[in-house]
Amino acid sequence: MKKTILFLIIGFFAVLVRGQELPVLKISDNQKFIVTQDNEPFFWLGGTAWELIHRLTEEEINLYLTNRAKKGFTVIQTVILAELDGLNTPNAYGYQPLINNDPTKINEKYFKLVDYVIDKAGGLGMYIGLLPTWGDKYHKADGVGPEIFTPENATLFGELLAKRYASKTNIIWILGGDRWPENDEDRAIINNMAQGIRNYDNLHLITLHPSAPNLASNFFNEEWLDIDLFQTGHDRTQFDFENVWKGANVVPLRPVVNGEPRYEDIPDRFNPRLYGWMDDTDVRSAAYWTMLAGGAGYTYGCHDIWQMFSPGKEPNNGPRRYWKEALNLPGSGQLIFLKSLLQSFSWQKMVNDQTLILNENKKDSAFIVAARSIRNDCLLIYTPMGKPITPDLSKTDAKKVVACWFNPRDGRSKKIGTFNVSDQREFKPGSVGRGRDFVLIIMDKKARYKIPGLKN
């Protein structure tokens, strides 16, 4: 009897623990988005923390992850074999990831911290976008290296990782590591690493972090590629929406995620003297352009944070502050407003539609991007610099519509009024210029959407 009770108790706690696990992710039926196994929409709001495992202590990891969880982040992108001399410079506890830099011999003491990051993030409701390695370990280019991978050991390394983490539900594999395949051997290394993972893990999604400005499918349009991640680089002249549109025309169709856009607090094009520094305005423009163009997710980045810059660490490309101070730069906090807005309007049931914009819309930093619901009962139109908008109200299946301005900087909405659909008009936000971005919300007066930040 006692044994029976013990087994029941153990079983109860096993179910309880399993119930607390995050749901496994998959691709939606229409191939455009990411959903849970129960087909619930998944909002990829990512953060690049490339040196998280390599440079931080458990206490510091807790600080970073808790901060991001409170801000609504759902994916943290980090690397096992890190960029900044990740093979030979030990982690915060003095351990290197591999024995003699051999990818087939992992150091358990180092990997305990990898385990810790995955479990801690899961407990906070976040997934880990896990890069097995930065790209300089197979294609050094301008990195540190050394190049340690061959097609043969890449397979074995993929298998080692898959065996270790196949039961963890909160992992998304990200291959590539900000590199391009220089030759057939490089291609074989990535393909074999993916195959090694798939030999023991058919549970988790796999994508690739390409060099800028590219989509993953530009290099590897393979069966194992589930998500078409792209990087625009840290360049204010790049148009994030273009990558989303390009990805929508790739066969086979996949969800398109902006995996590395403009970073907050980074020199534009790495040249502050000529171009200045990126800020929260750049973050918001890239994010709203991505999502209203049809993207499946957006990843925030901060120049001080990706490298976990702190006293005693060598700076990479001129960070201006330590990572703990940078945790609360405005851009990271403002993305919760993006998430709230899109979730309020069931964004996975919206489509990009540039024909909604009747006014002139030159492709520049003020370019307007628009989306409508598939039920034609709401429109979301983003103007990055407060340029007036003349929307085609006939695109809605309504007689009367309610119009509001949504402020991406503070998450507040302001009602403009109620209009007949036949009354085409121009909507002016009230302020124009850099940093004065707004979203115009147009919805059927009968619709049941709850507009975020609107005071009655």
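These are exercises with worked solutions on one predicted model.

Residues are numbered from 1 along each chain as its sequence is written. Local features need pLDDT of at least 70, side-chain atom pairs count only at pLDDT 80 or more, totals for chains, interfaces and linings use all residues, and side-chain values use heavy atoms, with hydrogens and water left out.

**Exercise 1. Salt bridges**

Task: find how many salt bridges the model has, then place the pair D115 and R164.

Solution.
- Start with the rule. A salt bridge is a side-chain nitrogen of Lys or Arg within 4 Å of a carboxyl oxygen of Asp or Glu.
- Count. The rule gives 24 salt bridges.
- Take the pair. The closest N and O atoms of D115 and R164 are 2.9 Å apart.
- Place both ends. D115 sits in helix α4 (residues 108–123) and R164 in helix α5 (residues 151–165), so named because helices (H or I, at least four residues) and strands (E, at least two) are DSSP runs, numbered from the N terminus. The pair links distant parts of the chain, 49 residues apart.
- Check exposure. Buried means under 20% relative accessible area, exposed over 50%, partly exposed in between (1.4 Å probe, protein chains only). D115 is buried at 19%, and R164 is partly exposed at 23%.

**Exercise 2. Two further pairs**

Task: which parts of the chain does the pair R198 and D226 tie together, and which network includes R434 and D282?

Solution.
- R198 and D226 meet at 3.1 Å, N to O, in a salt bridge. R198 lies in helix α6 (residues 184–200), D226 in the loop between β10 (214–215) and β11 (228–231), so parts 28 residues apart in sequence are tied together.
- R198 is buried, with a relative accessible area of 18%. D226 also counts as buried, at 18%.
- R434 forms a salt bridge with D282, with the closest N and O atoms 3.0 Å apart. R434 is in the loop between β18 (413–420) and β19 (438–444), and D282 in helix α9 (residues 280–292), so this pair ties together parts 152 residues apart.
- R434 is partly exposed at 40%. D282 is buried at 0%.
- Shared partners join R236, R262, D279, D282 and R434 into one network of salt bridges.

**Exercise 3. The nine-strand sheet**

Task: give the strand order of the nine-strand sheet and say which strands stand at its edges.

Solution.
- Two strands pair if DSSP finds at least two bridges between them.
- The order is β9-β8-β7-β4-β3-β13-β12-β11-β10, in an open sheet with mixed pairing.
- The edge strands are β9 (206–210) and β10, each pairing on one side only.
- Inside the order, β12 (residues 256–260) and β13 (residues 297–300) run parallel over two bridges. N258 stands opposite Y298 in β13.
- Next, add α6. This helix lies across β7, β8 and β9, at about 170° to β8. Axes are lines fitted to C-alpha atoms, for helices over the stretch in contact, and angles run from 0 to 180 degrees between N-to-C directions. Contact means heavy atoms within 4.5 Å.

**Exercise 4. The six-strand sheet**

Task: give the strand order of the six-strand sheet and name the helix that packs on it.

Solution.
- The order is β14-β15-β16-β19-β17-β18, open and antiparallel.
- β14 (350–352) and β18 are at the edges with a single partner strand each, so one side of each has no neighbour in the sheet.
- The twist averages 20° from one strand to the next.
- Six bridges join β17 (residues 400–406) to β19 in the antiparallel sense. A403 stands opposite I442 in β19.
- α9 packs on this sheet, touching β14, β15 (369–373), β16 (378–383), β17 and β19. The direction of α9 makes about 150° with that of β16.

**Exercise 5. Empty space**

Task: what volume does the largest pocket have, and which residues line the largest cavity?

Solution.
- On a 1 Å grid over the protein atoms alone, a cavity is a set of points where a 1.4 Å probe fits but cannot get out, and a pocket is an open set with protein on both sides within 12 Å along at least five of seven lines; lining residues have an atom within 4 Å of a point.
- Grid points are joined across faces, edges and corners, and a volume is the space filled by probe spheres set on the points.
- The largest pocket holds about 840 Å³. Of its 34 lining residues, E83, W134, W306, N316 and N317 are the closest to its centre.
- Two cavities reach 30 Å³ or more. The largest cavity has about 40 Å³.
- F345, S346, K349, S373, I374, R375 and Y449 line the largest cavity.
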